[in-house]
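This briefing starts with a single strand and its neighbours, and then turns to the chain as a whole.

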Amino acid sequence: MLYIVGFVVLGATLLLWSLIRIPSDMPKNIPSVPIYVSLLGLWSDMGQDEIYERWLRRPLEKYGAVKIFFAGRWNVLVTRPEFLTHMFRNEDVYAKAGSQKKIPWSVIATLVGDNIINSHGDDWKLYTSVMKPGIQKQDFKIEPIIKKTQTFVSMLLSQQKKIGPDAGVVVNGLIQRWAIAIMGESFLDIDFGCLEKANQRIEALQTIIKRTLFHPLYFNFPLLDKFPWLFRSRKRAFAIMHEFEDLLVELVRNRPGKKKLDIAGEGAQSGALVIHIMERALHNGVLNETQFRANLKIVFLTAHENAQQLLNSTFWQLGANQAVQSRLREEVLARKVAYPTAGMLNEMPYLTAVIYEMLRLYPPVSQLINRVTVAPAILAEQIKIPTRTWVGWNAYGVQINQDVWGDDARDFIPERWGTVMTEIQAKYRREQVKGNYIPFNAHTRRCLGSGFALLQMKVVLFELVRRTKWTIDPTYKLKLTSGGILAPLGCRVIFEELESQVS
Ligand code: HEM
């Protein structure tokens with residue numbers, strides 16, 4: 001009996017050791033982050049900012065890259081701008097390889113599949129050729145975004161009335177419903193109805209999915225996903241991912257008012273949304289069912305979640321910084337309209353600068369490790385990385401680095417972007433090219449939805465400062481998420497309704 005116990009203990013120790021040891025061919029001239037830092041979420045509720053400050057900032061600012069344990073292996077994490085641009089410009093060596101390549105058996109791979117964001121080579125070219133015209137189209141209708149946003153702001157104000165002027169509204173739930181509603185109308189030709197009605201299953205599933213994915217144990221040891229019969233929570237997690245996929249496909253396929261499929265392709269020229277183009281590609285055999293489903297899911301996820309969390313952070317930052325909120329309100333009220341056009345919003349310098357600054361200090365995608373070296377690589381001729389090493393980046397790290405952004409790098413200063421649109425836009429482009437500013441990534445695999453996301457943020461901020469003034473509930477203490485998308489947790493906001501300035 002003792003022998004058996006001994007063998008089991010020895011076997012388990014060897015297995016754990018093989019899982020957590022740093023491979024001998026990993027780069028020697030960069031430090032490694034202690035493994036417990038990756039596991040902190042198991043026993044602590046430290047936010048990403050605190051973890052970064054305590055364990056990552058110094059080595060990353062000194063060496064530009066570190067070895068870090070994540071998703072069951074050691075990876076190279078990069079923040080120095082010259083390393084970042086080298087990696088982003090050489091997608092043939094640092095190939096995109098998301099969970100579907102790295103951990104194909106896992107819950108997260110089941111959720112996302114092979115899609116336009118995480119694929120590489122011919123598959124990526126195929127998805128891009130189909131979807132890019134729908135995601136980057138110039139003629140997005142602004143009216144549905146404004147309408148949903150007006151409803152959203154009215155709901156925030158009526159919640160405030162309900163709970164009284166001294167308590168804060170917990171904003172995240174409503175923001176999620178707003179973000180899903182806008183994504184549905186602008187990309188999938190469907191009103192999910194989740195803004196006006198709480199607890200729609202498709203929306204409720206998002207909260208469960210986020211909680212399930214970012215569980216620190218499974219996040220770091222996805223090997224455990226191989227044993228759903230052993231871990232009941234994993235069995236449930238797989239079931240949730242399948243439920244989400246099937247429900248989404250069913251809702252989209254049976255959406256009210258769905259037009260007969262435009263097989264000839266006329267729709268592409270006449271304001272077709274990405275879903276119309278994808279349905280045509282499925283019908284014509286350009287995409288198969290699996291590819292269609294994976295890309296449908298990624299549009300749903302990426303086109304709501306990032307905006308959701310950016311708005312969450314904006315409530316916090318502008319609630320805590322009344323001077324910026326007032327200045328923004330002055331710019332907005334000077335327009336004297338309730339229905340701005342996209343052209344008008346894109347000519348508002350302070351509004352634009354506030355959003356760029358938000359994306360600098362609170363990049364929703366703060367850290368991503370989803371590239372693999374497909375050949376031996378030397379990062380900017382300084383760091384040797386062997387083949388089949390996962391490499392990633394930390395946007396928060398480079399964007400708060402004082403060597404990159406100056407002594408006031410950690411302060412929220414929209415004015416740093418400039419005062420007139422030409423100056424602001426030139427800086428926005430320049431900082432991305434240099435690898436200093438990467439909320440949307442940069443170069444070959446830059447976000448295709450950034451134009452839409454910026455417009456959506458401009459609409460919501462315009463409406464919010466036009467109709468409300470908000471402060472942070474004094475009993476709320478800022479706590480950022482500990483992993484995954486970066487955003488404040490449970491922020492509570494007190495709203496005051498303003499008198500309309502528009503006749
Ligand atoms: C504030 C909002 C958004 C942020 C912060 C954001 C951020 C990002 C980032 C960081 C990437 C690169 C991911 C990587 O390196 O693997 C990316 C890629 C992408 N995003 Fe966004 N995104 C936003 C909104 C959107 C929206 C609304 C869409 C619309 C569908 C979208 C579609 C895409 C696509 C298709 C890619 C893949 C591009 C490629 O690899 O060719 N994003 N986004």
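Strand 8 (residues 390–394) is mostly covered, with five of its five residues buried, where buried means under 20% relative accessible area with a 1.4 Å probe and protein chains only. The model is a predicted one, in which local features need pLDDT of at least 70, side-chain atom pairs count only at pLDDT 80 or more, and totals for chains, interfaces and linings use all residues. Residues are numbered from 1 along each chain as its sequence is written, and side-chain values use heavy atoms, with hydrogens and water left out.

**Strand 8 and its partners**

- In a regular strand the side chains alternate between the two faces of the sheet.
- On one side of strand 8 Trp390, Gly392 and Asn394 are buried, and on the other side Val391 and Trp393 are buried, which leaves both faces covered.
- Strand 2 (residues 73–78) runs parallel to strand 8 and is joined to it by three bridges, with Leu77 having Gly392 as its bridge partner; pairing requires that DSSP finds at least two bridges between two strands.
- Strand 5 (residues 367–373) pairs with strand 8 in the antiparallel sense over four bridges, and Gln367 stands opposite Asn394.

**The whole chain**

- The protein chain has 21 helices and 10 strands, taken as DSSP runs of H or I over at least four residues for helices and of E over at least two for strands, numbered from the N terminus.
- Of the 503 residues of the protein chain, 54% count as buried.
- Along its principal axes the C-alpha trace spans about 85 × 55 × 45 Å.

Technical notes. Buried means under 20% relative accessible area, exposed over 50%, partly exposed in between (1.4 Å probe, protein chains only).
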